[in-house]
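Please walk me through this structure in the viewer, one selection at a time. Tell me what to pick and what is there.

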Protein chains: 2
Amino acid sequence: MKLNFMTQTAPGANVLRLKRLGIDTHHEAVVYMRADCEVCRSEGFEALAQVKVSLGPRSIIATVNMVRGDILALDEAGLSESAWKALGAAEGELVAVSHPEPLVSLAHIRRKVYGHALNDREMLEVIEDVAGERLSDVALSAFVTACAGDGLTEHEVVALTRAMIAAGERLEWGSRDVVDKHCVGGLPGNRTTLIVVPIVAAFGLTIPKTSSRAITSPAGTADTMEVLAPVDLSITEMRHVVHLEGGCIAWGGAVKLSPADDILIRIERALDIDTEGQLVASVLSKKTAAGSSHVVIDIPVGPTAKVRTREAAQQLATLLGRVGRQVGLTVTIEVTDGTQPVGQGIGPALEARDVMQVLRNEPDAPADLRERALLLAGRVLEFSAKVPRGMGVGLARTILEDGRALRKFEAICEAQGGMRLPPSAAHTWEMTAEFPGTVGQIDNRKLARIAKLAGAPHDKAAGVDFLAPIGTKVEAGQPLFRVHAESPGELEYALGYLKSAGDIIRIDER
Amino acid sequence: MKLNFMTQTAPGANVLRLKRLGIDTHHEAVVYMRADCEVCRSEGFEALAQVKVSLGPRSIIATVNMVRGDILALDEAGLSESAWKALGAAEGELVAVSHPEPLVSLAHIRRKVYGHALNDREMLEVIEDVAGERLSDVALSAFVTACAGDGLTEHEVVALTRAMIAAGERLEWGSRDVVDKHCVGGLPGNRTTLIVVPIVAAFGLTIPKTSSRAITSPAGTADTMEVLAPVDLSITEMRHVVHLEGGCIAWGGAVKLSPADDILIRIERALDIDTEGQLVASVLSKKTAAGSSHVVIDIPVGPTAKVRTREAAQQLATLLGRVGRQVGLTVTIEVTDGTQPVGQGIGPALEARDVMQVLRNEPDAPADLRERALLLAGRVLEFSAKVPRGMGVGLARTILEDGRALRKFEAICEAQGGMRLPPSAAHTWEMTAEFPGTVGQIDNRKLARIAKLAGAPHDKAAGVDFLAPIGTKVEAGQPLFRVHAESPGELEYALGYLKSAGDIIRIDER
């Protein structure tokens, strides 16, 4: 075929002047244009169209929102804040708006939606466009949904893991063994990382820990750590902390070790779904990108935890191990009890309080949190050639009890930008037992939901203090849990749910 | 459990004054608020949060976009245009913004994403929230994706069909048999409806036809009809036209017979996917809601048509028939040839031109379009007790050839608001044969794609004139097809794709 173009776009015909509207759409890039502007008319754009917006050498794909009012002049365009930043725009600069090349990754997503497996190259092209913020929320949601449940083959999970590693930065730590730990969430208050990292670093291993913020839970480790020290470290800052102290607890999203993962997690959060394949790819890509060679993964199991049965835990453990091997990671799995929350606090500040009690060896520190942390720290220490199998937990206990762990944690906080005090919430409300009895069962999901509705993790001080573990004998009127909120509206919202939620803590009558 | 609220929101604390920003986000309801406003601070809202916006007795669920600039004062809120209309808002009115009740339909969508089948009640709750515009684009995309491929059981398709009927209006036509026809798209230029309806109505049957706009094709029947007459009829107007003429060709979206379907179709269009279950539910819900009792469904089959094999057509036919029976519709299926475009034009105005040539019995009218229309009209006529089986096609031909069909079509156009002339495009470009030979194969999808990139269906005059059906003997330099565009930018965009698309029309050398 031979093509003769009989028309050519006049240079500058599709140019608009930028006006900062300051609209925050989160990650989605949106361009605001007058429906009656020259560009829309000559290019035939309509609302929701995907367009290419270019500013000098940079360009992004954005969704069109038409403006019919007078917040924009005919020759002006606005951008969502994320698009503004991605283009490095300034007030009054000129942008060119044009039809984008059709994205090949959209065709791959369609294939995935129809149940076809993607190969390595296709998965890489999808993840590059995710990381490059070229896909709309509708397309991202379709991809996340198509991968949910058992939507990904093992090969696809490996491909997804590799693609996520390739689409982000990767740290190198020389020839040393680099260790890590990870917990497959779902257990409120399970904040062992803040105890494991200082123990392991105090022993002398390198543990450059990056943690995520909450996906569907009231707090991620990064949310809790942020209460005590800055976690938004750049790669340079993270390197500095690890070289100084042997370990760190940073937010993976700030380090941008896996920017695609952070974007997919935002969609999963909006849908309130976690998917096994993406979970495995998320965890292993971040460990590999952080330069780790060995990792202990904690899978809590319980009827209302993220993983509900031993069989499901075993299936997940197998996938983590197999995919880990294929991307060059040694993985140790620890399946733990997930029948109730760990410690007392659920929510960033409340969990941080529990952690500090353990590190300070306070007598009323939550024993369950301490013992879980020692078990995991012990397994990590056993990656060292100097620590015989079975000796790790005892060694971890010594490092905690003699104060080395606390000093190391304080030093890490200082290196990350300075230790700070957790805030406390202005509004609280207590749920009390209606009759005497024994606590028989806990609905972790509902407890977590209440903490979220109360404002966690966005409001650091919000959450739930869980006061009655399974087996506790309670009197009528004795507090079972306490809801903390920073605003009256959120407390009311949480209590509104409470009214309709049914049993959260089951009391068996005597 | 007993609840004692220790706090209460002061009345009026979460109230903002409306300012019209005029931002068109398509269907998605968005509320724009200052990040530092009293409401965001006291309620803890953040970007992308779902909130309830109330104005007097009306309320909607909207997505929050934060505004940091000065387009809004601290006590002001903006709304997307669709939200503005849904609330019936006026400048300066006060809205209350609060946390919404958690949507139960989101939990159903999650279950569907994880591969569970939804029951009748769950499907109804989802579709009610779709129709009520209470779901975000991310949630809608997850639902569409989870239903794609073979994501729906037959029972779910029946439930979806019934839910779509329940969520919209429903027409009644007394005791008469009401007939209809439908084509399962995918075949460019296949505009038989505009010929079938006047033939059937001229015979005296009732055929209140509602058609869709294009989903992933360059023109839907409603897009083509709109070139010749208004199609945005209200139910009252549609009733009037049908009582007057016995038939109409209206846009189903304007009639709102299935508002949920229209919203789901928008998401399918953004993803460029069609799903079998939703297709069946979409077709049958609209026929039932339009009051039809008998329907002929045309399924064109070809390697690049929507349905590619006889087996797939058979599967779809079976599902249409079975689901039809369960919702009370008599369905006749006609599987037809879908190896190449029908007629010459692809795109609204070009297809309208072909239709008029057939209705006027012009000697160079596309014979393939005429014969297909007569076949389908014949099958529809055979629903009448007065027309013996096998006699329908001959009867249809008589009604076309004696001019009754043309007169009826003109009368329908007048009743719908007045007949008009199709526009023609300012910019055209011809693809010619590089060497002599015989046309061997046509890639319908690529032809359709070019018509879409050239601007169809949004630009009515845009599209492709297809000049060389399979078997045509061509000389070097002879035109194979002609691209029509209303703007230079769009012509260029279409030709840009053409360059990289590979063979569209295969010429076999002599």
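Which residues does B:Phe409 touch, not counting residues up to four places away in sequence? Select B:Phe409 and display its surroundings in this predicted model. The contacts are B:Leu194, B:Pro198, B:Met225, B:Leu228, B:Ile249, B:Met356, B:Leu359 and B:Met419. B:Phe409 belongs to helix α17 of chain B, residues 404-415. Its relative accessibility is 0%, so B:Phe409 counts as buried. Now add B:Ile199: between the C-alpha atoms of B:Phe409 and B:Ile199 there are 8.4 Å in space, while 210 residues separate the two in sequence.

Next, the sheet. Select strands β13, β16, β18 and β14 of chain B, which in that order make an open sheet with antiparallel pairing. The edges are β13 (345-346) and β14 (427-432) of chain B; each has a single partner strand, so one side of each lacks a neighbour in the sheet. Then pick helix α18 of chain B, residues 444-453, which packs on the sheet and touches β13, β16 and β18 of chain B. The direction of α18 makes about 135° with that of β16(B). Within the sheet, look at β16 (residues 463-466) and β18 (residues 479-485) of chain B, antiparallel strands joined by 4 bridges. Across this pair, B:Phe466 stands opposite B:Phe481 in β18(B).

Now turn to charged side chains. Over all chains, the whole structure holds 62 salt bridges.

- Select B:Arg17 and B:Asp75, a salt bridge whose closest N and O atoms are 2.5 Å apart. B:Arg17 lies in strand β1 and B:Asp75 in the loop between β5 and β6 of chain B, 58 residues apart. Both are partly exposed, B:Arg17 with a relative accessible area of 33% and B:Asp75 with 36%.
- Select B:Arg111 and B:Glu122, whose side chains form a salt bridge at 3.8 Å, N to O. The pair links helix α3 to helix α4 of chain B. B:Arg111 is partly exposed at 34% relative accessibility, whereas B:Glu122 is buried at 9%.
- Select B:Arg379 and B:Glu334, a salt bridge of 2.8 Å, N to O. Here B:Arg379 sits in helix α15 and B:Glu334 in strand β12 of chain B, 45 residues apart. Which of the two is buried and which partly exposed? B:Arg379 is partly exposed at 25%, and B:Glu334 is buried at 14%.

For the last stop, move to chain A and select A:Arg213, A:Asp223, A:Glu226, A:Asp232 and A:Lys460. Salt bridges with shared partners join these residues into one network.

How values were computed:
Residues are numbered from 1 along each chain as its sequence is written. Chains are lettered from A and ligands numbered from 1 in the order in which they are written. This is a predicted model: local features need pLDDT of at least 70, side-chain atom pairs count only at pLDDT 80 or more; totals for chains, interfaces and linings use all residues. Side-chain values use heavy atoms; hydrogens and water are left out. Two strands pair if DSSP finds at least two bridges between them. Helices (H or I, at least four residues) and strands (E, at least two) are DSSP runs, numbered from the N terminus. Contact means heavy atoms within 4.5 Å. Axes are lines fitted to C-alpha atoms, for helices over the stretch in contact, and angles run from 0 to 180 degrees between N-to-C directions. Buried means under 20% relative accessible area, exposed over 50%, partly exposed in between (1.4 Å probe, protein chains only). A salt bridge is a side-chain nitrogen of Lys or Arg within 4 Å of a carboxyl oxygen of Asp or Glu.
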